[in-house]
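Please look over the model shown below. A short report on its fold, core and local backbone is set out underneath.

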Amino acid sequence: MLCSPRNMSKPLFVVHDVFQSSLFSPSQRKVLEMDSFFGWFKFAMRPLENEPVILAAIAIDIARNKEWVDYVKKRPNWIVECHGWEHRTYTSIGENQVYSHLSLSCDVIGREFGRRPTTFYPPKCKTSDNVAKAATRAGLAIDNVIHRPGHWIRDNSIEKVYFHFWSSGHITDVRNIMENICHPQHAEQ
Ligand SMILES: [Zn+2]
């Protein structure tokens with residue numbers, strides 16, 4: 001990637017599945033044989049330590065992950081938003097149940113991090129009319145970010161990308177982006 005002022009900007013990263021400790025998919029179970037999710041998270045987030053990053057959190061698992069929660073609290077540029085109470089497909093359950101999951105998530109995240117979430121990043125990027133209505137009732141906007149870091153590498157006009165901290169392919173793409181973008185202090189030299 002060429003180093004020119006045009007590509008100094010980088011995408012805003014949204015990290016999915018933060019704090020997840022249950023309801024694992026088969027691919028997640030496979031990577032858990034290599035390291036814990038917290039271990040993967042720390043490794044994936046290394047190049048983003050001081051970046052403004054959105055953490056899409058699984059709220060039910062916040063209480064089970066004190067060390068992980070404390071780690072996040074020490075990074076003031078990271079903002080905790082909602083990825084659901086559990087990691088489930090919210091399009092397959094009724095509006096009232098979605099609402100209770102989302103409002104409970106807002107309560108727990110707000111209490112733990114001192115800031116109520118404003119945005120719901122739905123699991124698997126799946127949304128529906130019912131999910132949208134429930135989110136509105138819970139005071140949440142829906143941001144259905146569908147691009148991944150690999151998309152940004154091909155088209156860096158994309159403003160926001162999501163990635164899985166437990167995916168080695170996504171981790172590599174994030175590293176490539178962070179190492180190749182031009183930092184302002186370099187541009188001045
Ligand atoms: Zn997810």
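The text goes from the overall fold to the core, then to one helix and a few single residues.

**Basis**

This is a predicted model, in which local features need pLDDT of at least 70, side-chain atom pairs count only at pLDDT 80 or more, and totals for chains, interfaces and linings use all residues. Residues are numbered from 1 along each chain as its sequence is written.

**Overall fold**

The protein chain holds eight helices and six strands. Helices (H or I, at least four residues) and strands (E, at least two) are DSSP runs, numbered from the N terminus. Their order from the N terminus is β-α-α-β-α-β-α-β-α-β-α-β-α-α. The radius of gyration of the protein chain is 17 Å, close to the 16 Å of the globule rule for 189 residues, so the chain is as compact as a globular protein of that length. That radius is taken over C-alpha atoms, and the rule is 2.2 Å times the number of residues to the power 0.38. The C-alpha trace spans about 55 × 35 × 35 Å along its principal axes.

Two residues are in contact if their C-beta atoms, placed from the backbone, lie within 7 Å. Of the contacts between residues at least 6 apart in sequence, 72% join residues at least 24 apart.

**Core**

A residue is buried with 20 or more other C-beta atoms within 10 Å of its own, exposed with 12 or fewer, and partly exposed in between; C-beta atoms are placed from the backbone. Buried residues make up 34% of the 189 residues. A nonpolar core joins buried Ala, Val, Leu, Ile, Met, Phe, Trp, Tyr and Cys residues through C-beta atoms within 7 Å. The largest such core has 47 residues. Val15, Leu55, Ala56, Ala57, Cys82 and Leu102 have the most contacts inside it. Helix 2 (residues 37–45) gives the largest share of this core, five residues. Not counting residues up to four places away in sequence, alanine 56 touches Val14, Val15, His16, Val18, Glu81, Cys82, His83 and Tyr121.

**Helix 4**

Which residues of helix 4 are buried? They are Val98, His101, Leu102, Ser105, Cys106 and Ile109. These residues cover an arc of only 135° around the axis, which puts them on the same side of helix 4. The arc is that of the directions from the helix axis to the C-beta atoms. On the other side, Asn96 and Arg111 are exposed. The buried residues of helix 4 pack against strand 2 (53–57), strand 3 (78–82), strand 4 (119–120) and helix 5 (129–137). Just after helix 4, glycine 114 takes a positive phi of about 75°.

**Single residues**

Most residues other than glycine have a negative phi. Aspartate 17 has a positive phi of about 75° although it is not a glycine. Phenylalanine 19 also has a positive phi of about 75° and is not a glycine. Histidine 151 is in contact with Ile158 and Val161, leaving aside neighbours within four places in sequence. Histidine 151 and valine 69 are 82 residues apart in sequence and 30 Å apart in space, C-alpha to C-alpha.

| Residue | Place | C-beta atoms within 10 Å | Class |
|---|---|---|---|
| Aspartate 17 | strand 1 (residues 12–18) | 27 other C-beta atoms | buried |
| Phenylalanine 19 | loop between strand 1 and helix 1 (26–32) | 25 other C-beta atoms | buried |
| Histidine 151 | helix 6 (residues 149–154) | 14 C-beta neighbours | partly exposed |
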